[in-house]
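I opened my notebook to walk through this model with you, one look-up at a time. Here is what I wrote down, in the order I checked it.

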Amino acid sequence: MKILEKTPDLLKQIAQIETLSGLSPSDLQWIVDKSEYICYEEGEEMFTPGMEAEYMFLILTGAYKIQMPQGGEFRDLGVQEAPCITGLLPFSRMKIIKAHGTVLEGLTGLRLHKDHFIEMVNVSYAMVQRLVGAMSNRIRDFTQTRLQSEKLMSLGKLSAGLAHELNNPASAIVRSVEELYSQLHNSPEDFKEVITMKVTPEETDRINEIIFPKIAQLGHFEDLSLMEQESRKDDLIDWLEDHEVQQAEDLADTFVEFAVSEEDLDQIADVLAPEALGPVLRWAQRVFSTEKIVVEIKEASGRIAELVSSIKSYTHMDQTSGIEARNIHEGIKSTLMMLKHKLKQKQIVLDKDLDLDLPMVEIFPGELNQVWTNIIDNAIDAMPQSGHLHIKTFRRRDNAIVEITDSGHGIPEEVMNHIFDPFFTTKGVGEGTGLGLEVSYRIIEKHKGTIDVSSVPGKTTFSVCLPLKQ
């Protein structure tokens, strides 16, 4: 950095800054008189983390980029271009700078030391008013940026899991439809085999009485051990081969799933003529297989519908973004659905102790879901395989309390006071922005509630207190 000799055109230059536009020449001249005229070369740093915040900068030419250190690397926060005002402003509570400001091209401007701020109030109240307004705009813009950043991070966390969760039922539907298509293409031969059978109406009724109740048995074979399933299958294959029924192994695979026993096959054989036994049993297998395919399609499509419903509930699509009286458990449930893949991945044991008599709570549903996402996602990351997550809700006077406890490694005492600070994170590069808990804190503040944390190794609890009515 170099300090330059002031030039006559400085007054005209600072008048181009929007915040100062329209102020009297004497007010602007005061800034020129009290400031230093400075110059930075490309690549120089205007400020670095840990520096004391001492100066207000009026950038007249050039630009610089702002970067926040995170996990040994830098995260870009944007570029500031001339003409603009940056740095410390009157009545700002900033003490220490937390970011890097690196010059992108030759930069010139004025810098005013904070010692002149008190005098500024006496010289020009209008100027101070403008600068305080600029500070308010800066806070608002930064808040919106970090909220948007955290929303994008939340979306990134959830999108991979949702893709996985949606892919499973979608793949199941595709497989089932292909199998159904294959079966339908075999229909002419199957039809010929069935139509040539000489089975009386009485025999048909008796066969129906044996076959169709078995449809309800689908899935019951899963209660058997693998050894028991294989034993039953072998017994059925032996029976079918003894009765000279073709495709014995395929038939046995299906019959085991629907709990068809040798006794059931004996009853069918007693009703039918020997030449009709094979065609009838193959017809029964097609009935069972079609039923199984339809059930699989129904379950998979129901799973997709459930996920879509959870997504809509989580994001509150098609609903107003204002405050609503809602059941607090709805948001927690949809958030757990969004994070279900991570819970399954780490085999986390989920334990819920919910007060179902809890009254409606006046909340901003979409924003509060961000809080549950941040806390639960952090809890999952902090836990080892087969960890334990406990969620408890209860009422305390006119407040709803939500406690989320994990069995993770805990929060070290030395960082406990910083976990709600913006950009503070203990995660590695690319794993976290350090915005999640800070944004959560602001959202709970917006609800006029509180968020507290207690932690020892093996037990960390986040307690969120929300007033029932705003």
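**Entry 1: backbone oddities.** I started at Glu244, which counts as exposed because its relative accessibility is 72%, where the cut-off for exposed is over 50%. I should say at once that this is a predicted model. I looked up where Glu244 sits, and found this residue in the loop between H7 and H8. Its phi is positive, about 55°, although Glu244 is not a glycine. I noted the background too: most residues other than glycine have a negative phi, and most peptide bonds are trans.

On the other side of H8 I found Ala259, which follows that helix and has a positive phi near 55°. Then I went to Ser386, another residue that is not a glycine, with a positive phi of about 60°. Ser386 belongs to the loop between helix H13 (365-382) and strand E11 (388-396). With a relative accessible area of 48%, Ser386 is partly exposed.

Which two residues does a cis peptide bond join? I have Ala82 and Pro83 written down, with omega at about -5°. Pro83 is placed in the loop between strand E5 (73-81) and strand E6 (84-87).

**Entry 2: H8 and its link to H7.** Next I asked how many of the 10 residues of helix H8 are buried. Seven are, so helix H8 (residues 248-257) is largely enclosed by the rest of the structure. My list of the buried ones reads Ala248, Leu251, Ala252, Thr254, Phe255, Val256 and Glu257.

Glu249 of H8 is not on that list, but I did find a salt bridge from Glu249 to Lys233, with 3.9 Å between the closest N and O atoms. This pair links distant parts of the chain, since Glu249 is in helix H8 and Lys233 is in helix H7, 16 residues apart. Is Lys233 buried or exposed? Lys233 counts as buried, because its relative accessibility is 15% and the cut-off for buried is under 20%.

**Entry 3: the negative patch.** I stayed with H7 and looked at the surface charges. A negative surface patch is made up of Glu230, Asp234, Asp235, Asp238, Glu241, Asp242, Glu262, Glu263, Asp266 and Asp270. Two elements give two or more residues to this patch, helix H7 (226-242) and helix H9 (262-271). H7 supplies the largest share, six residues. I picked out Asp235, which lies in helix H7, and noted it as partly exposed, because its relative accessibility is 32%.

**Entry 4: more salt bridges.** How many salt bridges are there in the count? I get 16. One of them pairs Arg326 with Glu324, the closest N and O atoms being 2.9 Å apart. Both ends of this one are out of the way of solvent by the accessibility rule: Arg326 is buried at a relative accessible area of 17%, and Glu324 is buried at 19%.

I then turned to Glu445 and Arg442, whose closest N and O atoms are 3.1 Å apart in their salt bridge. Both residues lie in helix H15 (residues 436-446), three residues apart, which is about one turn of the helix. That spacing fits the general picture: an α-helix has 3.6 residues a turn, so residues three or four places apart point the same way. Glu445 is partly exposed, with a relative accessible area of 40%, and Arg442 is partly exposed at 38%. I also recorded that salt bridges with shared partners join Lys233, Glu249 and Asp253 into one network.

**Entry 5: H11 and its cap.** Nine of the 11 residues of helix H11 (residues 328-338) are buried, so H11 is largely enclosed by the rest of the structure. Among them I noted Ile328, His329, Gly331, Ile332 and Met338. What caps the N-terminal end of H11? I found Asn327 there, with a side-chain oxygen 2.9 Å from the backbone nitrogen of His329.

**Entry 6: a histidine contact.** My last look-up was His100, which lies in strand E7 (residues 100-113). His100 counts as buried because its relative accessibility is 12%. The side chains of His100 and Glu45 are joined by a polar contact of 2.9 Å.

Conventions
Residues are numbered from 1 along each chain as its sequence is written. This is a predicted model: local features need pLDDT of at least 70, side-chain atom pairs count only at pLDDT 80 or more; totals for chains, interfaces and linings use all residues. Side-chain values use heavy atoms; hydrogens and water are left out. Patches are made of residues with over 30% relative accessible area and no salt bridge: like charges are joined within 9 Å, nonpolar side chains (Val, Leu, Ile, Met, Phe, Trp, Tyr) within 5 Å. Accessible areas come from the Shrake-Rupley method with a 1.4 Å probe; for residues, only the protein chains shown count as cover. A salt bridge is a side-chain nitrogen of Lys or Arg within 4 Å of a carboxyl oxygen of Asp or Glu. Lys and Arg count as positive and Asp and Glu as negative; His and the chain ends are not counted. The place of a charge is taken as NZ of Lys, CZ of Arg, CG of Asp or CD of Glu. Helices (H or I, at least four residues) and strands (E, at least two) are DSSP runs, numbered from the N terminus. Buried means under 20% relative accessible area, exposed over 50%, partly exposed in between (1.4 Å probe, protein chains only). A polar contact is a pair of N or O atoms within 3.5 Å; within protein, one must be able to donate a hydrogen and the other to accept it, and residues adjacent in sequence count only if both atoms are side-chain atoms.
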